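Subject: Structure for you to look at

Hi,

Here is the structure I promised to pass on. Please open it alongside this email.

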Amino acid sequence: MQTHAKPEQKEKQVHGTENELIVYGPFHKTFFDFLTQFRHRYYGLDIDLTYYAAHPVEVVEKVRAEVKYGIPTADVVMLPHYTTLMLKESGHLRDYRSPELKAYDPMFKDKEGRWSAIAVEPTNFIYNRQFLDQKLVPNKLMDLTNPALKGKVSMQSTQDWSDGMYSFFYFAALLGLIGEKKWDEFVKAFLKNTEPAVFACYHNMQKYVSRGDYAIGLPLPLIKVGWEVETLALSDVPKTASMRSIGIVAGGKHQRNAELFIDHLLSETWQNSMGKNYEGLIPTRPGATMKYNAPFKDPTTALKYFPDERGVKDAFSPHSLLEKYKSVGLP
């Protein structure tokens, strides 16, 4: 116990009288655990933690409304990267350059200091081999347009954003990677021939594929699969991924504790723990322990990340991608 006394006293001096931290993030139990471990690490500070969980776009709207009307809001957001970028775009995140970021590649930190990526989530399609004949398992993108898959495919909606916009930004990334002509050909044939079931929440989609209601589901972040469910790799589609990122809300009341929390999530200790103990999250810190192979640098295998700031701006601009999705019937 004595070995911890001095560091804790130092933290109290640095962080003054602040004894609260408010974090907004996703529903996943994993992110509740992040706060629990933070509290254990700094139990001497006796920080009162509040965690608000909601769907990503709802969190963005909540922060913006609270700041607008002077209501107490989050100190830190911990979100899918596209929603972090939305809050940066609307000016709700402040500059904080954690000392821990010296170890990180530039791709995982904002040059303006508004966000830091704590984890990577590769994009997957999944299929249930128990309910899909092996000869129907797609190997290339156009294989997903096979009429024999009619009624067997599910997808997250690109237009219903109540549970998130992952599919919206994935199809935008796919458009950029394969070109408009091939994208149009694929989407139109895919919708016509398979008539996919559409879900607002990709977790629900995964559940229905796992239990056999549908044989194929797309797209979704890296999630542990098992039993009869496997990932579906398409040889002609580049490997894509998105990030989980964190940022400090400019209107938050507990800025020093927010910085401490950011430092914690970026630390070598926590990145190793996350990579070892939590499914579906690949740590971004170089050299961290990880369950999954993460080809960050090799140009022949490197993941293609989506979206970037331009992609988020384009999503809400006039003549946006949403209009294109509607024109081709993408639900």
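Below is what I found, starting with the whole chain and ending with a few local spots.

Please keep in mind that this is a predicted model.

Overall build

The protein has 11 helices and 12 strands. Its radius of gyration is 21 Å, and the globule rule gives 20 Å for 331 residues, so the protein is as compact as a globular protein of that length. The C-alpha trace spans about 65 × 40 × 35 Å along its principal axes. Of the 331 residues, 55% are buried. Take the contacts with a separation of 6 or more: 76% of them join residues 24 or more positions apart.

Surface and charge

About 15700 Å² of the protein is exposed. Carbon and sulfur atoms supply 50% of that area. There are 41 positive and 39 negative charges, and their mean positions lie 2 Å apart.

The core

The largest nonpolar core counts 105 residues. Which residues have the most contacts inside it? They are F34, V77, M78, L144, F171, W183 and I216. Helix α5, residues 166–178, gives this core its largest share, with 10 residues.

V77 is a good one to click on. Neighbours within four places in sequence aside, V77 touches Y24, V59, V63, L87, L93, S245, I246, G247 and V249. One of those partners, L87, is also a buried residue of helix α4.

Helix α4

This helix runs over residues 81–89. Why call it largely enclosed by the rest of the structure? Because 8 of its 9 residues are buried, which here means under 20% relative accessible area. The buried ones are H81, Y82, T83, T84, L85, M86, L87 and K88. Note that the list includes H81 and K88.

What do these buried residues pack against? Three helices are on the list: α3 (56–68), α5 and α10 (309–315). So are the strands β3 (76–80), β4 (93–94) and β10 (240–249). V77 falls within the β3 range. After α4 comes G91, with a positive phi near 80 degrees.

The loop after α10

One last spot is S320, in the loop between α10 and α11 (321–328). Is S320 buried or exposed? S320 has a relative accessible area of 11%. The cut-off for buried is under 20%, so S320 counts as buried. Sequence neighbours within four places aside, S320 is in contact with D314 and A315. Both of these partners fall within the α10 range, 309–315.

Best wishes

Conventions. Residues numbered from 1 in each chain as written. Predicted model: local features only at pLDDT ≥ 70, side-chain atom pairs only at ≥ 80, totals over all residues. Heavy atoms only, no water. Helix = DSSP H or I, 4+ residues; strand = E, 2+ residues; numbered from the N terminus. Rg over C-alpha atoms; globule rule 2.2 N^0.38 Å. Buried < 20%, exposed > 50% of the residue type's maximum accessible area, 1.4 Å probe, protein only. Contact = heavy atoms within 4.5 Å. Areas by Shrake-Rupley, 256 points an atom, 1.4 Å probe, with all protein chains shown as cover. Lys, Arg positive; Asp, Glu negative; His and termini not counted. Charge placed at Lys NZ, Arg CZ, Asp CG, Glu CD. Core = buried A, V, L, I, M, F, W, Y, C linked by side-chain atoms within 4.5 Å.
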